[in-house]
Each structure stands twice: as structure tokens, then as C-alpha cells.
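Student: I have a structure to go through and some quick questions. Can you take a look with me?
Tutor: Yes, put it up and ask away.

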Amino acid sequence: MIDAAASTSTSRSLTIILFLIFVAITLAITIWASRQTRTATDFYAGGRQFSGWQNGMAIGGDYMSAASFLGIAGLIALYGYDGFLYSIGFLVAWLVALLLVAEFLRNSGRYTMADVLAFRMRQRPVRTAASVSTIVVSIFYLIAQMVGAGALVSLLLGISGDSKFLGLTAGAAKVWTIILVGALMIVYVVVGGMKGTTYVQITKAFMLMIGAFLMTVLVLSHYKFNLSSLLGDAAAQSGKGAAFLEPGLRYGKEVAGDATQTFYNKMDLLSLGIALVLGTAGLPHILTRFYTVPTARVARKSVLWAIGIIGVFYLMTLALGFGAAALVGGKAITAQDKAGNTAAPQLAQELGHRYLGGDTGGSVFLAVIAAVAFATILAVVAGLTLASSSSVAHDFYANVIRRGNAAERDEVKVARISALVIGAVAIALSIFAQSLNVAFLVALAFAVAASANLPAIIYSLFWRRFNTSGALWSIYGGLIVSVVLVFFSPVVSGTETAMFPHHDWQWFPLSNPGIISIPVGFLFGWIGAKLSKEDDTAKYAELEVRSLTGFGAH
Amino acid sequence: MTVAFFLWYLLYVLLSAYARGFMGAKVVGNINVALIFGLLQFVSTFLIAWYYSRYAAQKIDPLADEIRARLEGEAAKS
């Protein structure tokens, strides 16, 4: 067994070289894209010229974040079957996007989620609300990715404790990584706009799929393509026996003699499951991707591609997770990182060591996978920054402040400036948020997206009676309830693993608010709509025709 | 369809929470019901996506084209 913390300097410098090559290629793409970016449609929607498979790859690139690649592989490696639950929720979620959202959104909107809501409602309050929730969701997600990048760098480059790298301590290296990642993402978005960002996503998705595929083939061939013996070995090496292959090691734990806690644990599992499935179709950076294609039919095609790519990827994480448990072993993984985030890179090193020629092979393969992981983080943060700056410029600046009278050039200028500001804010917050748990932030982003955005989108597309008041109630209601419940949950205070372990203001027993806050978002939307007399049937008929046929679509 | 796949997914999550004995039952070698159920979720997602795209291309798209052509005809006249 090799220790990744003591990984050779070869692998360290190779990781940096490979990563720099990726940065150089993507910057070249970005500069090329900036020459093609003239209009607002170019900046926000990449000129709506992407084909189905291109956008499908880009959606995959946006979606398969470091949380999926490193996080899920790590969860499976440590908790076995329960990590797989995440993959399933993340994939099934795409059916909501395919059946209920993608095509209708493409037909009825222009650049942002708020376009659909504001179609038949009062522009200013609805766009403000949509802009607020877009920014909240994106910032949570951004911080999660950037904190993840910081935590990874010290592990992947093998700096920890007192050891130094280029004269930097582990703490300083983390901060510099966050700043570097943040600066690069600002450049991609400000210079390249949607076109540049989309090509970065496509490049990254290719790299990630190839990297994961290579590892999967090596793991499976090690077990002569016998799934059962891989699982058996994983269970044996995990130190948890047969329970490793069954649900219950991490989620929905049964506490002997404590029926209440057992009940809460099971509710938490349900809550997580629901938030994962309903959150995807409310994520702003995913929604804006549907505008980058020419028609609703291409939007449908791109979701089909995305489902294929993402599905195959999650099946591969299954092999990676169980492979890491079997070949690296639970002990070696937790010794490196308690949360298991380094399971995939450690597996790469082990596989390289066995099949590509000893220590050098191990270092090379580790370096490749580490560079892929950084590329992954970089691409996802760029997508998020673009979605939130689009919302600030198009919703808030152009339609709320300028009341729809902004010149296109000014609007794009504001979008670039807000990308810079949002990027800077995310960098600053991430530096202060380094102690936060990454998975918690991602799950929170999903819960907020499902509680605040999804009810408003579904109601405005399918409910004739929905109106401004309903939209405001569901967005603000879902947003506030989900954030408040998290604040009083065991992830923030009152437990050893909480953000503030030494304080206790916890009273909400679940760590994921979804099971309460998502129904609340839908209920508030209904109450709000009923409380107001606004009922524009003619405008709804127009929206219905447009969302179905694309008549009058941008 | 949306309701059907959501209930199917919910059944899976509920079984994972409450039917541990059933989910842990071994089928072939080390492959248990839970794993097969999880993989079936992948299969059903792929199938529903494929079926929907076929249905939409055959039934919805021609209808949408027809309405759109009519609307564009009217818009051109006025």
C-alpha cells in the first residue's frame, strides 16, 4: 500500500504541468470565443448555436462536479451502498428536467429562469425575487466547489501539517488555490461568456469521462469483469462486512433503543432523496444551459445526451467507489481524508502502481486524475458564476432598475462587471468558509433550488391561475424556510460534526430540510396565488401556446 | 409518466429506509436486491427518456408544428 501524502515530487509537478496545459487550452478557447461574442445572445446563451450533443456534454460538465466525482466515489468507498443512493437521485432528477422543464423553458424564456416567471406577471417584483434566489443558490454551490478545491489541493499535492510546497504551508496553499480558481473562473466568464464557458465544460466532460473510463476498466479487469467478486472484496476490505453492500451505513441509521432518533434518521434519508430529485430542475446554471440551443427539440436532445453521459458516469463511480474500497481499503482512505474525498485519486495511484509500471506509473496516473479533478472544479464554478451574473444583469439591472430600457451593450457590460463582483465575493466567502462541510453546502443548494425555484417554475408553466403574488410567496417562502431550517439543524450547531460544534441552538432534527421546505414552497405558491385577484387568462393562453410550439420564441 | 417515475423512485427510497432485510437479501453471489433495485432505477431512467423522446417526436412535434404553422399564417395575414 502506498501513501498518497508522501506522493513523489514527480507526481506533484506532473499534476501542475497537466493542470497548466488544461488552463492554457481553455484560455485559448476563451479568447477565441470572446472574438465571436458580440450580442447579448452571444454572451448569455452562446449565440443559441450549440448542437444537442454539445450542449448535452456541457450539461454533463456543469453537473458532474467535484462533489460527484470525488464526493460520491468517496462516499461509496467508505459507506458502500449508501453512496450509491446519491448517484441514483442525481440521475433520476433529470427526468423532471426532461419531462417538465427543458423544452417549455427553452420556448418561453430568453436568458434566465426569471424570463419564464415574468412572462405573464409583474416584471419587477418577480425578477427581483428570482434574481435573489438565483444568487443564493449559486453562491452556496460556488462556495462548496471552491472550498473543495482548497481542501483538495493540499491532499493532492501532498502538503499537510508542517510540510511546505513552494514555501507555502498547507493553510496558505489552500487560500492561494481558492484565489487562483476564483480568478480563472472570472476570466472564463468575463472574457468568454457563455460560448467560452460551454467549450470549457465540453473539454472538461471529455477529460472526466476518459479518466473515469480508464479507471473503471482497470478495476473491472482486475476482477476479471466479475461484479460479485469486486463487491465481495470491497465488503471484506471495508471492515464493515456484508452491511457495506446494503443501505443503512450512513443514511437512515437504526439506533437501537431510540425509536425517535431512528425515525428522524429515516426521515432525513427521505428528505435527502426528495431534495436530490427535485433540486436539479431548479438549479440556475443548469436552467440557463437550455437557452444555448436553437430550438426546444434540440433542448430535448441535449437532455437525452446529458442523461446518457451522466448515467454512464454514475455507473462508473460505482466501480470507482467499490474499487477504491477493495484495492485501497477503508483504513488508507480515511487516513488520508476523513470524508473520503481522496478515494478516487488514491485508487488512481494504486491502479497506476499495479498496471502502469510501479511507482512512476502510480505517480503519473495520480497526476492525471488530480488534474482532471481540478479541471472539473474550474468548469463548474465558471458555469455558476455565469448563471448568477446573467441574472443580475438581465433581471435586476435591465428589467428592474432600467425597466427594460437598457441598451444591449450596457447589459452585457453589467453582466461582465457582476461576474467580477460575484467571483470576488465567492472567493472571499470561501476563504472564510473553509471549515464548512462541502457536501452540506451542495445539499443545501439543492434543497433551496427545489423549494424556492422549482414550485414557481412548475406553477407558472402549468397553472393558469398562478400570478405575481403566488410567485413571490413560493420563491421567498421556499427560500426562507429552507435556509432557516438548515440554520437550526444539527449540521449548523449542537453536534460534534456541526459548523459550530460548541454552540447549540439546534431544534430542527433533520440535516436536510427538503421534506418540509419543498412542500412549503408549493403550498405557499398556492396560498399566495389565491390571495391575489390577478388572473391573466389571455396571457397564460399565450404562454401555453408558446411553450408548446415555440411560436414567438427567442 | 412524471408521477409514475416519481412514485417508483420514492418506493426505492422508502425500501432503502424501511425494508433493510428485503434490500439486503442476496440474489447472485454478492449481488443483493438493493443493488439490483438501484441499477433498475438507472435502466428505468434510460427507458423513460428514450420512450418520451420517441413519443414526443411522433405525437407532440407534428401537432406543435401544425399549430405553429397556423399561427404564423394568421400572423402573416394580419
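Student: Which residues have the most contacts inside the largest nonpolar core?
Tutor: They are A:Phe140, A:Ala324 and A:Ala445, in a core of 228 residues. Keep in mind that this is a predicted model.

Student: And which helix gives the most to this core?
Tutor: Helix α15 of chain A, residues 358–401, which gives 26 residues.

Student: What does A:Phe140 touch?
Tutor: Leaving out residues up to four places away in sequence, A:Phe140 touches A:Leu441, A:Leu444, A:Ala445 and A:Val448. A:Ala445 is also one of the residues with the most contacts inside the core.

Student: Next one. Where is A:Val200 found?
Tutor: In helix α8 of chain A, which covers residues 170–222.

Student: Is A:Val200 buried or exposed?
Tutor: Buried, because 30 other C-beta atoms lie within 10 Å, and the cut-off for buried is 20 or more.

Student: What does A:Val200 touch, then?
Tutor: Not counting residues up to four places away in sequence, A:Val200 touches A:Thr26, A:Ile29, A:Tyr188, A:Ala379 and A:Ala382.

Student: How many residues apart in sequence are A:Val200 and A:Thr376?
Tutor: They are 176 residues apart in sequence, and in space their C-alpha atoms are 9.7 Å apart.

Student: Changing topic to chain B. How many helices and strands are there?
Tutor: Chain B has 3 helices and 2 strands. From the N terminus on, the order is α-α-β-β-α.

Student: What does the C-alpha trace of chain B span along its principal axes?
Tutor: About 70 × 25 × 10 Å. The radius of gyration of chain B is 21 Å, whereas a compact globule of 78 residues would have one near 12 Å.

Student: How much of chain B counts as buried?
Tutor: Of its 78 residues, 22%.

Student: How many residues does each chain bring to the contact?
Tutor: Chain B brings 34 residues and chain A brings 36.

Student: Which elements of chain B give two or more residues to that side?
Tutor: On the side of chain B that touches chain A, they are α1 (2–18), α2 (20–24), β2 (31–32) and α3 (33–77). The largest share, 18 residues, comes from α3(B).

Student: How do the residues on that side divide into nonpolar, polar and charged?
Tutor: The side of chain B that touches chain A has 20 nonpolar, 10 polar and 4 charged residues.

Conventions: Residues numbered from 1 in each chain as written. Chains lettered and ligands numbered in written order. Predicted model: local features only at pLDDT ≥ 70, side-chain atom pairs only at ≥ 80, totals over all residues. Contact = placed C-beta atoms within 7 Å. Helix = DSSP H or I, 4+ residues; strand = E, 2+ residues; numbered from the N terminus. Nonpolar A, V, L, I, M, F, W, Y, C, P; charged D, E, K, R; others polar. Buried ≥ 20, exposed ≤ 12 C-beta atoms within 10 Å, placed from the backbone. Core = buried A, V, L, I, M, F, W, Y, C linked by C-beta atoms within 7 Å. Rg over C-alpha atoms; globule rule 2.2 N^0.38 Å.
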